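Here is a friendly walk through a structure, taken one neighbourhood at a time. Keep the view open as you read and follow along.

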Amino acid sequence: MFVTPAAAEKFGLGRPALPEEIAAWDLDVAPDGTGLPAGSGDVFTGEEVFAEKCAVCHGDFAEGVGNWPKLAGGQGTLDHEDPLKTVGSYWPYLSTTWDYVNRSMPFGNAQSLTPDEVYAIVAYILYSNDLVDDEFVLSDETFLEVELPNADGFILDDRQEAEKHFWNPEPCMENCKDSVEITMRAMVLDVTPEEEGVEAPAAAGPVQDAAAEEAVKEAVEEPVETAAVLDPELVAQGEKTFKKCKACHQVGEGAKSKTGPVLNGIVGAPAGHAEGFRYSKAMTAAAEDGLVWTEAELAAFLAKPKTYMKGTKMSFAGLKKDSDIEAVIAYLQSYSQ
Amino acid sequence: APDPLITEVQDWASGLGEGVDATPYGLPIKYESDVVRRNVEWLTADTISSINFTPIHALDGTITPQGCAFERHHSGAIELRKEDYRLMINGLVGTPLVFTYEDLERFPRENRVYFCECAANSGMEWAGAQLNGAQFTHGMIHNMEYSGVSLRTLLEEAGVKPEGKWVYVEGADASSNGRSIPLEKAMDDVLVAFKANGEALRKEHGYPVRLVVPGWEGNMWIKWLRRVEVMDQPVESREETSKYTDTLANGISRKWTWEMDAKSVVTSPSPQAPIKHGAGPLVITGLAWSGRGAVTGVDVSLDGGKTWTEARLAAPGTDKALTRFYLDINWDGSEMLLQSRAKDATGYVQPTKAQLREVRGLNSIYHNNAIQTWWVKANGEAENVEVS
């Protein structure tokens with residue numbers, strides 16, 4: 001008979017992790033500095049790296065763009081209405097900032113920063129929060145000298161004491177209050193997304209159904225026809241490469257400008273053509289000079305955005321492989337309208 | 001007049017339907033196209049680091065189909081093949097190990113049903129009634145049957161050293177979304193799951209392997225789980241310091257608020273599920289759950305909390321899983337202020353909004369488990385309101 005092994009008995013499955021494998025994945029940094037690599041970075045270098053790699057979402061001064069996180073400011077607001085929680089006002093440990101920037105940033109290009117760049121960026125974030133002066137150099141040796149203002153602003157979960165009265169085996173069942181008045185209504189704020197088509201299934205008869213199906217088919221078939229002149233394999237490869245761009249750009253049906261402009265019809269379009277998008281001064285100037293996004297111009301831009309156009313807001317290092325550039329342009333061409 | 005749907009021969013009664021292979025992996029019929037996840041665009045900067053909501057107003061029973069179970073990503077839903085999957089156990093262990101997906105399938109397996117609720121569920125309602133629909137107020141929740149290996153088994157395979165007090169768990173996606181979990185919980189009921197509701201995890205739920213941390217906030221249920229490190233201290237990662245901490249009125253914040261307190265909501269009638277049939281027999285139904293154990297009862301009030309009636313549980317509550325409740329009434333067609341109140345095995349009773357705000361203020365963001373009120377009007381339409 002087969003017997004279930006005792007609790008601590010081993011199955012002999014898996015294999016030992018190699019030291020270089022552990023080194024590659026075990027990157028976390030604890031509040032006491034455990035896990036920090038050797039390195040350093042100063043505020044000025046940090047400002048440059050931040051402008052290039054972070055500012056597109058977080059703003060030149062870490063003040064945040066649109067709905068993207070603000071990294072600076074907010075000190076003294078935690079007991080106010082809508083507190084502003086930033087590295088300076090809220091985060092208890094500097095290790096958290098270092099660890100997060102190192103492993104998860106920049107958004108869409110994580111794990112691309114060198115340790116020195118991370119030290120520099122974190123130094124600049126501290127500077128933006130008025131926590132260090134502009135001479136400051138952050139390194140694995142100075143790391144523990146920095147204490148964040150809200151380090152003592154946290155307590156352990158105390159619900160079982162502070163909310164002890166919520167444990168109540170005999171809750172009221174009758175005559176629990178004298179009167180009940182409506183004090184607030186969601187309809188007044190009216191921030192709920194529109195419920196498109198909620199009634200449609202019941203209301204639409206068979207005739208309308210058929211018409212709707214036709215409309216859907218047309219909408220689906222259209223881009224396929226456009227793409228027919230393109231190499232479908234190349235377009236598919238481009239779709240994969242486009243993942244690098246998706247953090248900021250949308251393309252296709254219903255696409256909108258986000259951090260970056262909408263890219264429908266970009267190939268062959270004049271520069272700066274997305275209505276309502278706030279382009280950089282450099283891009284606006286290029287548009288006024290008549291720049292058109294031919295395949296060749298796009299290819300040059302995508303290879304090294306910052307070299308091609310000094311001052312562009314596009315904080316993307318560039319596509320290294322020509323084949324990726326070709327593919328992504330083919331993919332964008334498949335959305336020519 | 002006689003109903004032509006009965007008296008006349010309909011197309012579907014004379015012609016033929018689709019053959020067996022028309023949809024090799026089925027989708028809901030088109031008439032259910034409104035039962036979908038929805039997001040709230042203004043909540044986040046983009047849809048990649050964002051959340052959407054389960055259409056709980058349109059579901060019944062307790063198991064959430066994966067296809068409409070809410071999604072939360074921090075750097076988007078990645079595509080990771082089983083063949084490329086690796087799970088590392090390292091840190092304070094006898095032997096650091098690497099497992100493949102096939103290795104995981106060879107450990108003894110468990111099946112468990114648990115709810116997963118985002119700590120921010122109902123978070124938009126702290127300052128007042130805001131979103132008009134159960135999907136939006138309470139839809140950051142799903143409930144699935146998971147198949148997988150207990151984390152304890154994997155930790156014992158590597159051999160936890162006595163100085164190990166915490167595990168740090170992280171995902172393979174760009175966010176990594178790492179969290180620290182006390183070793184005691186890790187050795188208790190945490191699962192390393194690879195199937196949900198009988199099928200492989202969907203991409204958006206962490207295919208091929210995710211962590212299941214029963215009763216604790218959804219952010220800890222690491223998707224695309226790639227590493228478990230045994231440590232002597234917590235990492236204090238971004239997700240457990242700057243986020244998922246609860247700021248009180250005095251500016252001090254609670255941390256390590258892992259458990260999801262008992263909570264319930266009436267899913268129908270509700271703003272997205274109005275009463276269309278007028279007065280007469282009415283099924284009032286909803287969901288209840290607790291991260292501290294099983295739901296033992298649910299009370300329903302039709303008058304904004306003056307009087308309560310014990311609802312019928314569709315089945316006895318089970319540990320850290322959704323419970324379905326019903327109250328069958330003969331509606332007289334007059335207005336109702338509909339509420340539900342969950343009770344759990346520890347004796348906890350779901351609090352009112354006023355009770356919660358008294359302790360926590362308005363800036364907590366997370367862990368809002370207050371009683372919800374729907375104002376059902378005489379015409380059957382419902383609205384999200386607050387009452388005195």
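Let us begin in chain B, where B:Leu87 has B:Phe99 of strand 5 as its bridge partner. This is a predicted model, so please read every value below as computed from it.

**Around strand 4 of chain B**

The pair just named belongs to an antiparallel pairing in which strand 4 (residues 86–91) of chain B is joined to strand 5 (residues 97–100) of chain B by 4 bridges. Between these two strands of chain B runs a hairpin connection of 5 residues. Strand 4 of chain B has another partner too: with strand 13 (residues 225–231) of chain B it pairs in the parallel sense, over 4 bridges. If you would like a residue to look for there, B:Gly91 has B:Val230 in strand 13 of chain B as its bridge partner.

**A three-stranded sheet in chain B**

Which strands of chain B make up an open sheet with antiparallel pairing? Three strands do so, in the order 1-2-3. Its edges are strand 1 (38–39) and strand 3 (72–73) of chain B, each of which pairs on one side only. Strand 2 (residues 50–53) of chain B runs antiparallel to strand 3 of chain B, and 2 bridges join them. Within that pairing, B:Ile51 faces B:Arg72 of strand 3 of chain B.

**A sheet shared by the two chains**

Another open sheet draws on both chains: its 3 strands follow the order 4(A)-15(B)-14(B), with mixed pairing. Strand 4 (154–156) of chain A and strand 14 (246–247) of chain B are the edge strands, each pairing on one side only. On the chain B side, strand 14 and strand 15 (residues 253–255) are antiparallel and pair over 2 bridges. There you will find B:Thr247 opposite B:Ser253, a residue of strand 15 of chain B.

The strand pairings described for chain B can be set side by side:

| Strands of chain B | Sense | Bridges |
|---|---|---|
| Strand 4 and strand 5 | antiparallel | 4 bridges |
| Strand 4 and strand 13 | parallel | 4 bridges |
| Strand 2 and strand 3 | antiparallel | 2 bridges |
| Strand 14 and strand 15 | antiparallel | 2 bridges |

**Chain A and its helices**

Turning to chain A, its secondary structure comes to 14 helices and 5 strands. Of the 337 residues in chain A, 39% are buried. Among contacts in chain A with a separation of 6 or more, 54% are between residues 24 or more positions apart.

How do two of these helices meet? Two packed helices are described by the angle between their axes and the distance between the axes. For helix 2 (residues 43–53) and helix 5 (residues 115–128) of chain A, the axes come within 7 Å and cross at roughly 100°. Because of that angle, helix 2 of chain A is roughly perpendicular to helix 5 of chain A. Helix 2 of chain A contributes A:Val43, A:Thr45, A:Gly46, A:Glu47, A:Val49, A:Phe50 and A:Lys53 to the contact, and on the side of helix 5 of chain A are A:Glu117, A:Ala120, A:Ile121, A:Ala123, A:Tyr124, A:Ile125 and A:Tyr127. By class, the residues of this contact are 9 nonpolar, 2 polar and 3 charged.

Helix 4 (residues 94–104) of chain A holds A:Ser95. Is A:Ser95 buried or exposed? Its relative accessible area is 1%, so A:Ser95 is buried, the cut-off being under 20%. Beyond its neighbours within four places in sequence, A:Ser95 is in contact with A:Val29, A:Ala30, A:Pro31 and A:Phe143. By contrast, 43 Å separates the C-alpha atoms of A:Ser95 and A:Ala287, which are 192 residues apart along the chain.

**The cysteines**

How many disulfides does the structure hold over all chains? There is 1, formed by A:Cys172 and A:Cys176 with their sulfur atoms 2.1 Å apart. The link between A:Cys172 and A:Cys176 is left-handed, with -100° about the S-S bond. Both partners are partly exposed: A:Cys172 has a relative accessible area of 34%, and A:Cys176 has one of 27%.

B:Cys68, on the other hand, is in no disulfide, and the nearest cysteine sulfur, belonging to B:Cys116, is 14 Å away. B:Cys68 is buried, at a relative accessible area of 7%. Back in chain A, A:Cys57 also counts as buried, with 8% relative accessibility.

Methods: Residues are numbered from 1 along each chain as its sequence is written. Chains are lettered from A and ligands numbered from 1 in the order in which they are written. This is a predicted model: local features need pLDDT of at least 70, side-chain atom pairs count only at pLDDT 80 or more; totals for chains, interfaces and linings use all residues. Side-chain values use heavy atoms; hydrogens and water are left out. Axes are lines fitted to C-alpha atoms, for helices over the stretch in contact, and angles run from 0 to 180 degrees between N-to-C directions. Angles under 35 degrees count as roughly parallel, over 145 as roughly antiparallel, 65 to 115 as roughly perpendicular and the rest as oblique. Contact means heavy atoms within 4.5 Å. Ala, Val, Leu, Ile, Met, Phe, Trp, Tyr, Cys and Pro count as nonpolar, Asp, Glu, Lys and Arg as charged, and the others, Gly among them, as polar. Two strands pair if DSSP finds at least two bridges between them. Buried means under 20% relative accessible area, exposed over 50%, partly exposed in between (1.4 Å probe, protein chains only). A disulfide is a pair of cysteine sulfur atoms within 2.5 Å.
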